[in-house]
Amino acid sequence: NGISKGVHIIPLVSVSPLLKEDESWEPAFRGNRRVSQPTSPRFDDYQCVLGRSLPYLCADGVVRYYESRTRHGIRLQACNRLWAVSDLHADVAKNREWVRALPLRQQDAIIVAGDIASKLADLETNLTLLASKFKYVFYTFGNHELFLTPPGYATSVHKMFEILNLCDSLGIITSSAFLGSDVLVVPMFSWYRRRGPDAGLLEFFDAACKWPWNIESSLDDAVANFFFKLNEGTLRFCAEMRSKLFSSNNSDPPLVSFSHFVPYIDHLFPGFVAFRHVMGAPELDDQINSLSPLVHVFGHSHINVDEIVHGTRFVENALGHPQETSDEERAAIRPILVWAKAGTLQAAAQKRTPLLEVRHQSQDIDVPTSPAHSQEEDDEDRPSF
C-alpha cells in the first residue's frame, strides 16, 4: 500500500482546499532573492492568533491553525536532479564560505534537512544564498533554529512560525511539492523522545529552546507530540493522493521525504548510546513508513550514513561543525544526489552504496539519461557536483 518506488508520469493532483486545480506556486526573482507568489506569508497573523504566550490555543489548536494555512502538493516546474545536505551551521564563517562556494545548479533542487543557523538573520542570509544557486530549495528546521538566542520571541513555537514566514517570503519550500510530474518531495517536522526514564545530563539538552503550555524541558513528551501532529495533514494528503490514483488506475509518483531528526535509531545512529535520548522518536519511523519513500534524508547526528532500511534509502549528509573535520575533509564534502529525472536510484536502493563514493564520486551511481536528450544534454545531466 506504500507509494511505489519508481518514476511514473502522473496527472498532477492536489487535495488541499487552499490550492485549486489550476493553481501553481512559483518563486519569482528580485535580483538573487526569491520571493514566493503569493508573496504574503501564510502565518503573518500568527502573533495575533497565538498571543504573546499562547494563552488561547492548546497544542492541538496551533496544529489546526498551521493546517488551515498550509498548501499540500504544490506544483513546481520539473528539475533535473535533487541533491541533499544537512547541518550547515552556517552561522560560523567557515561553513558560510562553504555555502557561498557551492556551484550554480539552477536546473536542480536541493533538500536542506535543518540546522542552518540559530539567528534568524543568519538563516535568511544562507537561505538567500542557497536560493540563488538552485532552482528550488526544500527545507525543514532543526533544533538549532528554534534556539531563543538572542531572545526576541515569546517561545520557540512563535519562532517556528517566524521561520516559516521567512521561508515563504524567500520562496523556500517547507511543505510537500511535486517537481513537474516526476517526484513528490515531502518535508517533515520531527523531534526526539527520551528512550528511558533517566536521560541524565541530557535532561538539559536544547535548553536554549523555550516552550509554551508549561513545558519545562525539550525532552518533555508534549514537544514531540506537537511536532508529529503537525505532519498529520501531509500524511492525509499523501494517503488521499494514493487513493485517487489507485481508483483511476494511475501509478504513484516516487516520493523523497526528509526530516531533521534521525529515524530508525537502532539502524542509523552508530553513536554513543546515551545520545539516543535526543536523536529521534518511534513516531518518526511510523510516519516515514506510512509514506514508503524511495529516499529519506535526515540530519542532526553529524554521523553520515547511507543505508537501506525496509526498502528505503536513508541518507545523512551533514556538513557539521568546523572542529569536527579537517579543512581538507571539509573541502571534499558536497551535497549528495538523491534523485535524478533521467532515471531512478533503484540500483542504489537495492544495496548499500558506500558513503565516500556517493559523496566524492557520485558518477558511480548509475543514473540513465533520457533517449530524448542530446549528447550535450547528457553531458550536462551527469550526476556530479
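Select first strands S11 (residues 305–309) and S12 (residues 312–316): S11 and S12 form a hairpin with 2 residues between them, and they pair in the antiparallel sense over 5 bridges. Strands, like helices, are DSSP runs numbered from the N terminus (helices: H or I, at least four residues; strands: E, at least two), and two strands pair if DSSP finds at least two bridges between them. In the turn, His310 has a positive phi of about 50 degrees. To see one bridge, select Val305 together with Glu316, its partner in S12.

The structure is a predicted model, in which local features need pLDDT of at least 70, side-chain atom pairs count only at pLDDT 80 or more, and totals for chains, interfaces and linings use all residues. Residues are numbered from 1 along each chain as its sequence is written, and side-chain values use heavy atoms, with hydrogens and water left out.

**Strand S12 and its surroundings**

Keep S12 selected. Is this strand buried or exposed? Of its 5 residues, 5 are buried, so S12 is largely enclosed by the rest of the structure. Buried means under 20% relative accessible area, exposed over 50%, and partly exposed in between (1.4 Å probe, protein chains only). Colour Thr312, Phe314 and Glu316 on one side and Arg313 and Val315 on the other; they are all buried, and both faces of S12 are thus covered.

Add strand S10 (residues 295–298), which pairs with S12 in the parallel sense over 4 bridges. Here Val295 has Arg313 of S12 as its bridge partner.

**The sheet of 7 strands**

Now display the whole sheet to which these strands belong. It is open, with mixed pairing, and its 7 strands have the order S3-S7-S8-S9-S10-S12-S11. Strand S3 (74–76) and S11 stand at the edges with a single partner strand each, so one side of each is left without a neighbour in the sheet. On average, neighbouring strands of this sheet are turned by 20 degrees against each other, direction ignored. Axes are lines fitted to C-alpha atoms, for helices over the stretch in contact, and angles run from 0 to 180 degrees between N-to-C directions.

Within this sheet, select strand S8 (residues 183–187) and strand S9 (residues 255–258), which run parallel and are joined by 4 bridges. Val186 has Ser257 of S9 as its bridge partner.

**Helix H9**

Go next to helix H9 (residues 282–291), whose buried residues are Leu284, Asp285, Gln287, Ile288 and Leu291. An α-helix has 3.6 residues a turn, so residues three or four places apart point the same way. Just after H9, select Ser292, which takes a positive phi of about 50 degrees.

**The sheet of 4 strands**

Which strands make up the other sheet on this tour, and in what order? Its 4 strands form an open sheet in the order S6-S5-S4-S13, and the pairing is mixed. Strand S6 (134–139) and strand S13 (336–340) are the edge strands, each pairing on one side only. From one strand to the next, the twist averages 25 degrees.

Select S13 with strand S4 (residues 81–85): they pair in the antiparallel sense over 4 bridges. Two partners in S13 can be shown: Ile336 for Ala84, and Trp339 for Leu82. In S13, 5 of the 5 residues are buried, so this strand is largely enclosed by the rest of the structure.

**Helices H4, H5 and H2**

Two packed helices are described by the angle between their axes and the distance between the axes. Select helix H4 (residues 120–133) and helix H5 (residues 156–170), whose axes come within 11 Å and cross at roughly 30 degrees. H4 and H5 are therefore roughly parallel to each other; angles under 35 degrees count as roughly parallel, over 145 as roughly antiparallel, 65 to 115 as roughly perpendicular and the rest as oblique.

Show the side chains where the two helices meet: Leu120, Leu123, Glu124, Leu127 and Thr128 in H4, and Glu162, Ile163, Leu166, Cys167 and Leu170 in H5. Contact means heavy atoms within 4.5 Å.

Finish at helix H2 (residues 59–68), where Gly61, Val62, Val63, Tyr65 and Tyr66 are the buried residues. What covers these residues includes helix H1 (46–50), H5 and helix H6 (221–229).

**The whole protein**

Clear the selection and view the protein entire: its secondary structure comes to 13 helices and 13 strands. Buried residues make up 57% of its 385 residues.
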